[in-house]
Structures are given as C-alpha cells and as structure tokens.
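Open your viewer, choose a cartoon display and give each chain its own colour. We will take the tour one selection at a time.

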Amino acid sequence: MSISVSRNDQPRHLNFQKNWREWLAGYLMILPNFLRFFVFMLIPILVTIYIGFTNWDLINAPRWVGLLNYKILLRDSIFWTSLKKTILFTIVNVPVQSFLALLIAILLNQKLKGLNLFRTLFIAPWICMPVAIGLTWTWIYNKEFGYLNHILELIGLAKVGWITSQDITLWSIVATNVWEFLGWHIILLLAALQIVPPDLYEAALVDGANNWTRFWKITVPVISPIFFYDLVVNMISTLQIFDLPFAMTNGGPGNASRVFNLYLYQKGFQFLQMGPASAMGVILFIFIIICTFFIFKYIGSRINYDLS
Amino acid sequence: MLTLGQRQSLHKSMLYMLIIFLLFIYLFPLLWQLSTSLKDASEVFSGFNLIPQKITSAAYFTAWSRFNLQQYLFNTAIVALFILIGTLISCGLAGYAFGQLQFPGKNILFYLYLATMMVPAAVTLIPAYYIIIKLNWVNTYYALIVPFMFGNAFGTFLMRQFFMTLPKELSESATIDGAGYFQTWWRIMLPLSKPALATLGVMTLVAQWNSFMWPLVVTQSQSLKVLSVGLADFRLYFSVQWNSLMAAVMIAVIPMLLILILAQKMFIKGIQFSGVNR
C-alpha cells in the first residue's frame, strides 16, 4: 500500500492521513470473507495442483511423481467414460432445461391472478434436498413397482429399467435433474420477461407485427443477456453434478452414470488415491474454464447488451 | 359469435386450466412421495392410487424410530443455523465495505472475489479435508460449520448491491456524529438492510440444509451425520420399505417447504437477484 501525499486535486479517498480509519474499517470488514477465501479456497487450489503431481494417501507424506497421475488418467478408460457422461449430461440438461423454462415462463407472463402461488409451486422441487429427491425418483423409476412403468403398462408398453439399464440410466438422471431445477430457471426467465417495456410491444402492434415477430424482435433481444447468464451458470454447475447420481445409482449400472465428480470422489475418498483425484480436480477446473471461454466467444459475443 | 370480452375470458380460463394441469404433472413426484409415505406397507406394492385407501403414519414411526432421524435433523438444523448467522454477519460487513466505504483496491478485490463463484468445489475438496484432519476436526461440528460461516461471494455480492442503493450521506453523517464505522454498521446499516439479509438468509438456509458433498467427506460417525448423508445411507438399508423411505424423505424436505411457504417472496427475489442484477 502506498501512502499518497495530500493534494487537493486527488480523489477524496486517496488521502491516507484523512481516510486511514475508513480504509482500516473497510479491510477489517472484508477480512472474514477473505480469510475464508485464503484458507479454504486459494491455498487448497494451489495445494491441489501440487498434490496432482504426487502420490499421496492422506497418511504418508506425498511423494513427487511428476506427470504420472495425468498419464495414468489418460490411459484410464473409466476416466474417459466419466468425462463423456458428464459432457453428455450437460449438453442435454442445459438446453432442455432452458427451453422448457422459457416456454413456461412465457405462459406465466400474462398478467395472471395467483401468479405468486404458481411461481412458489414451481420452485418447490428446487427447495427440496437433491439426495431426497433422488430417492423419490428411484422409487418412481423402480422397474417392478414404480409409477412410470405403471403408466407404460396402462398404455400397453413393456416395462423399462429406467435406472437399471445401461443405455437409459444417464438420461433418467438427466430428466430428474431437469425437473428438480426447472423452477429456478422459470423464475429467472420470468423476471427477464417482465423487464420488456410494454410500450415496445404496443409500438410493434401499431406497426402491424405479429406475435412471432414481436417475440423475435423484442422479447429475445431483451431477455438474451439473462438467458445467456443462466446458460453459463447452469453449464458450470451441471459439469459438477454429484448429488443425484450418488443417491440414485452411485454410478451404476456398470459405469453408466459415473459422472466426473463421482469418480473423483471415489478415487479420493474410497481408494485414497489423492494424487489422481487432485489431478482430476485440476482437469475439471481447466475444462470448466475452457467451456466458459468458448460459450462466451461463440454465444456471448452475439448477445445484445445495449438496449437503451 | 362470442364478443371480444367473452373470447378474452375464455382464453384466460383455458390458460389457467393449462397451468394447473402442468403444475399437477410437475408436482406429481412430490405428491406421489407424500402418498407413498402415508400408505400401509401392503398397499405400497398393490396399488397405484394417489390417495391411500387407508392413511397411516406407521411409516413415519418406522423411519423415526429405526433410524437416527432425530439426531440427523438436529445436526442439520444446528449446522445450518450457525452458518446462517455467520454468513449474515460476514456478508453484511463485506457488503457494507464494498458498497459504501472507500479504500484502495476495493474494486479489484471485489471482482476477484466474485470470480471465485466459478471455482468448482472438487478443486478445493481434498486440501480442505486435509486442513480439517490437521486441525483434528474430523467428525466434529467444527468441520461442518467453520469452512462455511465466514461468508461467500454470492452473499457479499447480494449485500453490496443492496448497500450501493443507500445514500452515502447516511453513513457519512453518522460518522461525523462520532460513531465508528462498525457502530454505524451495527446501529444504522444492519437494521436498514433487513430485506436483503432476509433474502440472503433464506437462500443460505436452503443451500446448507441440502448440502451433501462436504458433509459426506468430513463425517463418518452416526452422531454427526446430517440428513442428506443419513438419507444416502438409507438407500442401502431401507431399499424395499418404500413407505418408510418416503417418510424419511418427507421429514427431510418438509422444513424447507414450510420456509418456502412463509418466505416465498424472498426466495423469488433471491433467484431473480442471481440473474437480473449482474
């Protein structure tokens, strides 16, 4: 910190002698947050990078092995499976969730009585514990006695092993995930829709624009920044999916639903291979940064932020 | 022929019917979970009726007595409560500092901190766990509470945005009157920020109540498990008694559903905030 000499043309807050109390108060007030940031975030990130280059079981001292963990992972077929499952999960989950949420948000955005009640009911699944919700859906997906197969039987179809079949399990968990967090996206997009100034619609109506044109020319540009933000956050959190697969299938059958974080957890805390697990953490972090970069480059650059 | 008014009201009632239909389908899994939890063990496997023929609380008693639910509930509540208080104080302070005070490096620090929302939990998990081991905190409440009670980026952001809307003169006049910055914060700013604190409070409460990965890693003993971890175990032992399992699920989600009913507006504000106020 440099001490600046008092001069009249300087901004008020750069005068140390006059403002040191305020500075001190400011730094002290952000201290708890930054203490946590250092102890439980910054230092652990650096340590994770280091542990990724070692052989460590939490008990004995870590032993430097260079790039070995990364080489092992690259040759580990389950690692690639888990990465693939996670990408598939995200690629389907994010657009489906956003699209469904937008449809329902448009439906709700019509000066309805009882809108508050509808909104509240739509976020009820989000408020529920994912592990608990996972168990509920395990029951619904149950092959013999589950409700879903009951419906299939009613309409004359064969029973499906929703979370016991290799091909379907991942998609069943995606469906549960879409369902659980849909309400969150509905509320967010509804708020975005309500930003659209009504006089814009009226002006368009005078110009003879139909519903479809109004949607594309007015609604889409106005909501696109929030829609895009929602996509990015949703992508980042879906790449870290853990609770639902853990509770519903624990990765099975076989490796059908072994998503990245689940495999990382198992490597670290069941097999005590902290080296490969840390390397996986580093890979996930880099992967998230790359995905975020590309989504900003290819979609973010087309977003219209200037509407005034 | 219908008049314009009649057509509009027909349109409205069809819209309502559509929304109620969608909501019924959407909430069906929760209704089915409630229904199963109230059924007799024999009825669980014999019928698909949503309303049980005989409503019984037997499954709740089984879940409550055979499993450590009481302890899990207590642990979850106590952990969530401490983290809630800690988060409100830490984020209230940081939000005030970032939103109202002036100090060198303020904006850089703020945006740097904000960027940490992108960091996946998996990257910090193992060293954070090692810190807990070194502190001898494995299987203690400290392990569950301390890493989360000193605020977070989302909460600090929320509080900062709120404090930025307050006029600067307010805190300046208070400091001129001789009150220190902390006094001003406690006496004037905190009472004014009740709406923002309430929003942050309910969001924190739900996030903590439902959190899973960290408690799973740091607690092994039965007496320290939280509900989410306990429930994940149930799956292994309880897998065919669906009514008891659904009763346990109900017990885990009812507290948060009650809070949703009581504080619906705050949840909606909290969600909207996360997107609209970038």
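Here is a walk through the two chains, with a suggestion of what to select at each stop. Before you begin, keep in mind that this is a predicted model.

**Stop 1: chain A as a whole**

Select chain A and hide the rest for a moment. How many helices and strands are there in chain A? You should find 12 helices and 2 strands. Follow the chain from its N terminus and you will pass a helix, then two strands, and after those an unbroken run of helices, in the order α-β-β-α-α-α-α-α-α-α-α-α-α-α.

Now turn chain A around to get a feeling for its extent. Its C-alpha trace spans about 85 × 75 × 35 Å along the principal axes. The radius of gyration of chain A is 25 Å, while a compact globule of 308 residues would have one near 19 Å. Of those 308 residues, 40% are buried. Take the contacts in chain A between residues at least 6 apart in sequence: 69% of these join residues at least 24 apart.

**Stop 2: the two domains of chain A**

Colour residues 12-51 of chain A one way and residues 72-302 another. These are domain 1 and domain 2 in the domain assignment of chain A. Their centres, taken over C-alpha atoms, are separated by 35 Å.

**Stop 3: Trp162(A)**

Select Trp162(A) and show its side chain. Where in chain A is the place of Trp162(A)? Trp162(A) sits in a loop, the one that runs between α6 (147-154) and α7 (169-193) of chain A. Is Trp162(A) buried or exposed? Trp162(A) counts as buried because 24 other C-beta atoms lie within 10 Å, and the cut-off for burial is 20 or more.

Next, add the contact partners of Trp162(A). Once neighbours within four places in sequence are left aside, they are Tyr141(A), Leu148(A), Ile168(A) and Ser172(A). For a distance exercise, pick the C-alpha atoms of Trp162(A) and Pro276(A): these two residues are 114 apart in sequence and 32 Å apart in space.

**Stop 4: chain B as a whole**

Hide chain A and bring up chain B. In chain B there are 15 helices and 0 strands. The C-alpha trace of chain B spans about 75 × 75 × 35 Å along its principal axes. Chain B has a radius of gyration of 24 Å, whereas a compact globule of 278 residues would be near 19 Å. Among the 278 residues of chain B, 45% count as buried. As for contacts in chain B between residues at least 6 apart in sequence, 75% link residues at least 24 apart.

**Stop 5: the two domains of chain B**

Colour residues 8-56 of chain B as domain 1 and residues 67-276 as domain 2, following the domain assignment. The C-alpha centres of these two domains of chain B lie 33 Å apart. Zoom in on where they meet: 7 residues of domain 1 of chain B are in contact with 6 residues of domain 2 of chain B. On the domain 1 side, α1 and α2 (41-44) of chain B each supply at least two residues. The largest share of that side, 4 residues, comes from α1(B). By class, the domain 1 side has 3 nonpolar, 3 polar and 1 charged residues.

**Stop 6: Phe273(B)**

Select Phe273(B), which you will find in helix α15 (residues 264-276) of chain B. Why does Phe273(B) count as buried? The reason is its 21 C-beta neighbours inside 10 Å, as 20 or more are needed.

Which residues does Phe273(B) touch, not counting those up to four places away in sequence? They are Leu158(B) and Thr199(B). Try the distance tool on Phe273(B) and Leu158(B): these residues are 115 apart in sequence, but their C-alpha atoms are 7.5 Å apart in space.

**Stop 7: both chains together**

Show chain A again beside chain B. How many residues of chain B are in contact with chain A? There are 73 of them, and they meet 76 residues of chain A. Highlight helix α1 (residues 4-37) of chain B, which gives the largest share of the chain B side, 11 residues. That side has 57 nonpolar, 13 polar and 3 charged residues.

**Last stop: the nonpolar core**

Finally, select Ala132(A), Leu189(A), Leu231(B), Ala248(B) and Val249(B). They have the most contacts inside the largest nonpolar core, a set of 152 residues. Zoom in on Leu189(A) and, apart from its neighbours within four places in sequence, you will see contacts with Ala101(A), Leu102(A), Ala105(A), Ile223(A) and Phe227(A).

Methods:
Residues are numbered from 1 along each chain as its sequence is written. Chains are lettered from A and ligands numbered from 1 in the order in which they are written. This is a predicted model: local features need pLDDT of at least 70, side-chain atom pairs count only at pLDDT 80 or more; totals for chains, interfaces and linings use all residues. A residue is buried if 20 or more other C-beta atoms lie within 10 Å of its own, exposed if 12 or fewer, and partly exposed in between; C-beta atoms are placed from the backbone. Two residues are in contact if their C-beta atoms, placed from the backbone, lie within 7 Å. Domain bounds come from an automatic or database domain assignment. Ala, Val, Leu, Ile, Met, Phe, Trp, Tyr, Cys and Pro count as nonpolar, Asp, Glu, Lys and Arg as charged, and the others, Gly among them, as polar. The radius of gyration is taken over C-alpha atoms; the globule rule is 2.2 Å times the number of residues to the power 0.38. A nonpolar core is a set of buried Ala, Val, Leu, Ile, Met, Phe, Trp, Tyr and Cys residues joined through C-beta atoms within 7 Å.
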